[in-house]
Amino acid sequence: MLFACAARAGELGDNSPALRMVRAWTRERRSREIRIAPLDREATERLARSVCSEVDAMRVFSESEGNPFFALEIARALGAGTDRIPDTIHAERIDRLDEHGRELVPWLAVWGRSFSPDRLPAVTELTAANVVAGIELLERHGVVRAHDALTYDFAHDVIRRAALQRVSAPRRRMMHLRIARALAEIEGVRGELAGDIARHAEGGGDAELCARACVGAGKHCLRLFAYEEAAAAIDLGCRHVARLPREARIRLHMRLLKLLEHPALRRVATRRSAEIARLCGEASEAGMASELSAGLHLLGWVHLAGGDFQSARKNAVRALDALLQRGQKDVIGLVEGARCLAILDIDVPRASAMFSDLSAFGDAAVETLSFQWGLGLVKQWEGDAQAALAALRKARAFARDARDHWAEFECLSTIAMIEIDDHKPAAVLALAGEFVPLAAKLGGGSEGAFAEALVALAQLASGDVGAGARVDQAARALERLDASFLLSYVLNGAAEITIARGDAAHARAQAERALTAASAVDRASEVARALALLAHASALEGIRAEAQRHLDAARSIAPERLSANARRILEYARRFMR
Amino acid sequence: MALLVVEERFSPAIDVNQVNPNADKLSPCLPTYGVTWVASYIANDGTRCICVYEAPDAEAVRRAYRTAGAPFEAVWPAKGMRA
């Protein structure tokens with residue numbers, strides 16, 4: 001006589017007589033164990049069509065994952081015209097579990113497909129011992145299986161869906177909320193759990209937690225290069241902030257949109273630029289200066305990424321305006337902002353007005369490195385060499401006291417630039433003993449090459465013919481370092497000296513390279529300087545049409561963007577042309 | 001926008017599970033100079049880090065680091081390479 005018996009391996013232990021029988025047969029070598037693999041697609045489809053010929057057999061296969069019992073039950077349900085998972089699946093797999101197992105299943109179903117057992121006690125209020133016993137039982141009965149060393153997963157999604165169907169909507173919402181809040185308390189709304197927290201907070205109806213978790217989830221996804229998921233997290237968060245009170249909404253909405261500064265999300269940022277602009281307007285109305293400033297920075301970035309330097313600059317200035325609304329307590333922030341406008345050549349007339357206003361705050365603003373440094377740059381731009389040198393010397397002293405080597409070098413190198421522009425090369429060479437050793441201390445940067453270039457330019461201006469090769473060498477080093485603004489300054493300086501000696505062809509080559517470098521970083525004054533030098537060189541060579549073309553190009557630059565030095569060289573080229 | 005790589009070195013080594021200690025200092029300075037962070041990689045021993053940015057040029061990144069007071073070993077322009 002031949003007996004055919006079927007059982008899930010883990011469940012034999014629940015039936016002692018059957019287990020004893022199997023063991024006896026095995027000992028006497030009278031049994032043969034055949035492990036049944038899931039059915040393949042074809043077999044599942046055949047089985048499904050045996051109960052309902054019109055059924056969507058592909059769907060039956062994908063939902064049953066080749067389990068014959070599930071395949072039959074799902075095929076019958078679909079044949080009867082319902083999408084609901086048949087109750088028989090719940091009855092067969094879950095109802096016959098003991099209390100530990102049945103208590104755990106709804107939580108796991110609401111949690112989702114993958115869950116970490118060590119977090120279950122905090123979420124469910126079951127004891128750790130009960131959770132361990134419950135998981136062991138569910139694993140033995142083929143309800144869950146180990147996913148990796150730390151997490152479990154439902155053995156079949158259809159079991160999870162069957163369990164979820166038994167949880168009423170209000171209870172499900174409560175459980176989602178509890179999971180979201182418990183996870184947020186354990187880990188905070190960041191890292192790998194942030195996405196789960198957002199999903200559960202959404203299910204639990206906690207819009208604020210959902211949006212906060214979306215910020216964390218978006219950051220986490222960006223770290224993992226999961227850009228589509230990051231964009232989805234931002235989108236989810238933005239949809240939920242709408243339900244929050246105004247200030248909380250603006251704050252969270254801006255934090256979400258700030259994630260769009262990542263280059264991989266540029267297209268998303270461009271698509272949402274109207275939303276960013278609208279939010280800036282709301283932040284402005286609500287008097288939320290930080291959010292307005294952040295939004296305008298973001299808008300600036302969107303324009304900058306699209307190559308729209310003008311709009312980017314406009315937004316940087318508006319961001320500073322937003323900071324201005326905060327008043328005296330942020331005086332240092334305002335000084336820093338004004339200095340940035342000057343350093344970046346963004347809106348120097350505006351920076352000049354700001355330094356004038358900021359002096360009303362007295363020593364708190366004026367007697368600082370940033371104020372004197374920024375003021376020095378503004379005065380240099382305005383062509384007031386004496387005031388610029390006085391401010392920069394003061395700034396240099398502040399920097400030296402603070403042991404800020406970079407700031408000290410910047411002040412000294414700007415002093416050297418002013419002296420070169422003022423045709424005082426001897427002063428630069430006298431200063432070289434201070435800024436060259438400082439540059440050497442600043443490893444890894446462009447300071448060494450720029451210091452060499454300043455010395456070589458001063459030597460060239462002093463009549464040292466051999467210095468030309470050293471200028472070229474330093475320029476090549478700056479080119480390799482991709483320091484476009486510094487490169488354009490050095491090449492323009494060299495072209496100015498070369499042209500004064502009547503070598504138009506060499507000057508033209510230098511000015512052309514300067515023009516390319518200055519254009520790459522949109523430095524208007526150096527662009528204008530290069531164009532003026534090109535016009536001058538062309539005129540010297542008798543190519544008047546080309547000279548005129550360069551002058552016209554220089555004229556198209558808004559005059560308020562040009563430094564006094566650039567305007568002077570441009571005027572000289574015009575007069576030379578006449 | 002160009003792709004820029006920054007080499008950073010830490011002595012003593014930093015905890016690789018924590019945020020880069022330069023990140024907080026840098027975050028307000030990067031947008032000012034038109035610099036956008038792309039990715040960072042830390043050596044398992046916490047002594048070296050590579051940060052990738054997008055910026056108008058390498059000097060913009062150097063200036064952002066210098067302004068923030070964040071040390072670096074080198075900044076160089078780069079482009080993507082086929083594996």
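Helices here are DSSP runs of H or I with at least four residues, strands are runs of E with at least two, and both are numbered from the N terminus. This is a predicted model, so local features need pLDDT of at least 70 and side-chain atom pairs count only at pLDDT 80 or more, while totals for chains, interfaces and linings use all residues. Residues are numbered from 1 along each chain as its sequence is written, chains are lettered from A and ligands numbered from 1 in the order in which they are written, and side-chain values use heavy atoms, with hydrogens and water left out.

**Exercise 1. Profile the two chains.**

Start with the elements. Chain A has 32 helices and 3 strands. Chain B has 3 helices and 4 strands, and reading from its N terminus gives β-α-α-β-β-α-β.

Next, burial (buried means under 20% relative accessible area, exposed over 50%, partly exposed in between, with a 1.4 Å probe and protein chains only). Of the 578 residues in chain A, 52% count as buried; for the 83 residues of chain B the figure is 47%.

Then contacts (heavy atoms within 4.5 Å). Take contacts between residues at least 6 apart in sequence: in chain A, 60% of them join residues at least 24 apart, and in chain B it's 67%.

Finish with surface (Shrake-Rupley method, 1.4 Å probe; for residues, only the protein chains shown count as cover). Chain A exposes about 27,200 Å², with 52% supplied by carbon and sulfur atoms. Chain B comes to about 4,300 Å², with 54% belonging to those atoms.

**Exercise 2. Describe the second largest pocket.**

First, the term: on a 1 Å grid over the protein atoms alone, a pocket is an open set of points where a 1.4 Å probe fits, with protein on both sides within 12 Å along at least five of seven lines, and lining residues have an atom within 4 Å of a point.

Now the size: the second largest pocket holds about 1,700 Å³ of space, volume being the space filled by probe spheres set on grid points that are joined across faces, edges and corners.

Who lines it? There are 36 residues, and Cys5(A), Ala6(A), Ala7(A), Ile34(A) and Ile36(A) lie nearest the centre. Helices H1 (16-27), H4 (68-79), H5 (87-95) and H8 (128-140) of chain A each supply at least two lining residues, and H1(A) has the largest share with 5.

Last, sort by type: 19 are nonpolar, 7 polar and 10 charged. Ala, Val, Leu, Ile, Met, Phe, Trp, Tyr, Cys and Pro count as nonpolar, Asp, Glu, Lys and Arg as charged, and the others, Gly among them, as polar.

**Exercise 3. Classify two aromatic pairs.**

Set the rule: rings of Phe, Tyr and Trp (its six-membered ring) pair if their centres lie within 6.5 Å; planes under 30 degrees apart are stacked, over 60 edge-to-face, the rest tilted. The whole structure has 9 aromatic pairs over all chains.

Take Phe69(A) and Phe70(A): at 5.8 Å centre to centre and 50° between planes, the pair is tilted. Phe69(A) is partly exposed at 27% relative accessibility, whereas Phe70(A) is buried at 0%.

Now Phe115(A) and Tyr152(A): the centres are 6.2 Å apart and the planes at 15°, so this pair is stacked. Phe115(A) sits in strand E1 (residues 114-115) and Tyr152(A) in strand E3 (residues 152-154) of chain A, 37 residues apart. Both residues, Phe115(A) and Tyr152(A), are buried. Ring pairs also bring in Phe154(A), linking Phe115(A), Tyr152(A) and Phe154(A) into a cluster.
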